[in-house]
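Student: I would like a close look at a single part of this model. Please take one helix and go through what surrounds it.

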Amino acid sequence: MAQYEVTLPKLGESVMEATLLRWLKQPGEEITQDDTLAEIATDKVDSEVPAPVGGRIIKLLFNQDDVIPVGQVIALIETSAAGNGYTAAAVSAPVIETVEEEMTESVPYTPTPVAASYDESGDNEGRFYSPLVLNIARREGVSISELEAMSGTGHAGRVTKNDILEYIQQRSTAPKAAPAAPAAKPVEQAQPPIVSKPSSPQIQFTHHGEYEIVEMDRMRKLIARNMVNSKQTSAHVTSFVEADVTNLALWRNRTKDEFKRKYKEPLTFTPVFLMAIVKALREFPALNSSVEGDNILLKKDINIGVAVALPTDNLIVPVIKHADRLNLSGLAASINDLANRARNNKLRPDELEGGTYTLSNVGSFGNLMGTPIILQPQVGILATGVIRKIPAVLETPTGDVIAIRHKMFLSHSYDHRIIDGSVGGRFARRVADFLEAWPIDTEI
């Protein structure tokens, strides 16, 4: 018999850790290969951890709500070394003790879409820092230059949580230590100076009347943190454009039944909006980019995220990869599939990554317009409002007339660090131009 180490699998290209929601198996249970061991969650999606081998569970190394790094051993399975097609890994007691000791100290962790966006001073120079280490650095006022100077004890010299916590303790005690002071003196003054913490003070409010306290669920906490982070990262500005989409509305009403019969997919306005965004991004490539320090990364792929409201009233943004390569029916099939699986919690982690621009259809809630928040590290997001029949003045060869038209508002939020109003406004106008020029005789 041998022991097999079950590690937390890689959950996506930018996901470095996950939260353990619950164990589905317990020590002593017999399991078979591919049985679900645990349910986990990242800042992108919930997922499951399957058993890589069959056998008997010896030990579970983490508890519910623990934050676990990718690649960390999470459980031990006793299995036969022969006949299972896997190589059993040797497990030593010190490794297990190290894991348990590491997780006993609770350090608040705020997930961030882009760990590399933290830049107090100096350049990153390519050295990797986990989101947990960067979060502690932000909280304690540790600059990138200080991180670069640290000697990491982790794999390949990486700075671990213990490394940065030890550094913070030494930094806070060193300035206050006197040459003749007794050894216990610095311990009494071990708290870091308040001025070194960049976080805003908590404001206490007085509440009147009756009220109920409702704790945010895990996803709502992540959304709240990411939205605040986006506002602190990007200089948001929003431009508004009104579009006359009468031809588009009439075409969709005329062809939606035939489209459903032909492609077995409902025809909404969303895939048409996506086609217009793709065309505009080709003309304005600066909107298909991200910012890293003083550099602008122009993305060659056009991957558009589409905001989807969940039954829990939370929001998730699956990504249509290579949207510029899909036609109308392909875009309709992609967004319908992603939206349905998002509402049933069936998305894969990679389907929430790699977005270069985002669409939010606030019109589906009856809203005229909105001021959407940029999804980091992107630099733009477009909100499409409800399409309404309204009276409008039309110019004709014989004079102006009032007619009933289908109109909507487009709200374009963009990062003013690199996108000026002329570019952001013209991009929104260009999307509107594509929608207004939709041929009413377009074939499906």
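Tutor: What follows is about helix 9 and then, more briefly, about some strands. This is a predicted model, in which local features need pLDDT of at least 70 and side-chain atom pairs count only at pLDDT 80 or more, while totals for chains, interfaces and linings use all residues. Residues are numbered from 1 along each chain as its sequence is written, and side-chain values use heavy atoms, with hydrogens and water left out.

Helix 9 covers residues 328–343. Helices (H or I, at least four residues) and strands (E, at least two) are DSSP runs, numbered from the N terminus. The expected span of a helix is 1.5 Å times one less than its number of residues. For the 16 residues of helix 9 that gives 22 Å, and the end C-alpha atoms are 23 Å apart, which agrees. After the helix comes asparagine 345, with a positive phi near 55 degrees.

How much of helix 9 is buried? Twelve of its 16 residues are, where buried means under 20% relative accessible area, exposed over 50% and partly exposed in between (1.4 Å probe, protein chains only). Among the buried residues are Leu331, Ile335, Asn336, Leu338 and Arg341. The buried residues pack against helix 7, helix 8 (270–283) and strands 12, 13, 14 and 15; contact means heavy atoms within 4.5 Å.

Now take helix 7 (residues 246–263) as the partner. Two packed helices are described by the angle between their axes and the distance between the axes. Here the angle is about 75 degrees and the axes are 12 Å apart. Axes are lines fitted to C-alpha atoms, for helices over the stretch in contact, and angles run from 0 to 180 degrees between N-to-C directions. Helix 7 and helix 9 are therefore roughly perpendicular, a term for angles of 65 to 115 degrees; under 35 counts as roughly parallel, over 145 as roughly antiparallel and the rest as oblique.

At the contact, Trp251, Phe259 and Tyr263 of helix 7 meet Leu328, Ser329 and Ala332 of helix 9. By class these are five nonpolar residues, one polar and no charged. Ala, Val, Leu, Ile, Met, Phe, Trp, Tyr, Cys and Pro count as nonpolar, Asp, Glu, Lys and Arg as charged, and the others, Gly among them, as polar.

Elsewhere, strand 8 (residues 73–79) is also mostly covered, with six of its seven residues buried. Strand 8 runs antiparallel to strand 1, joined by six bridges, and to strand 6, joined by four. Two strands pair if DSSP finds at least two bridges between them.
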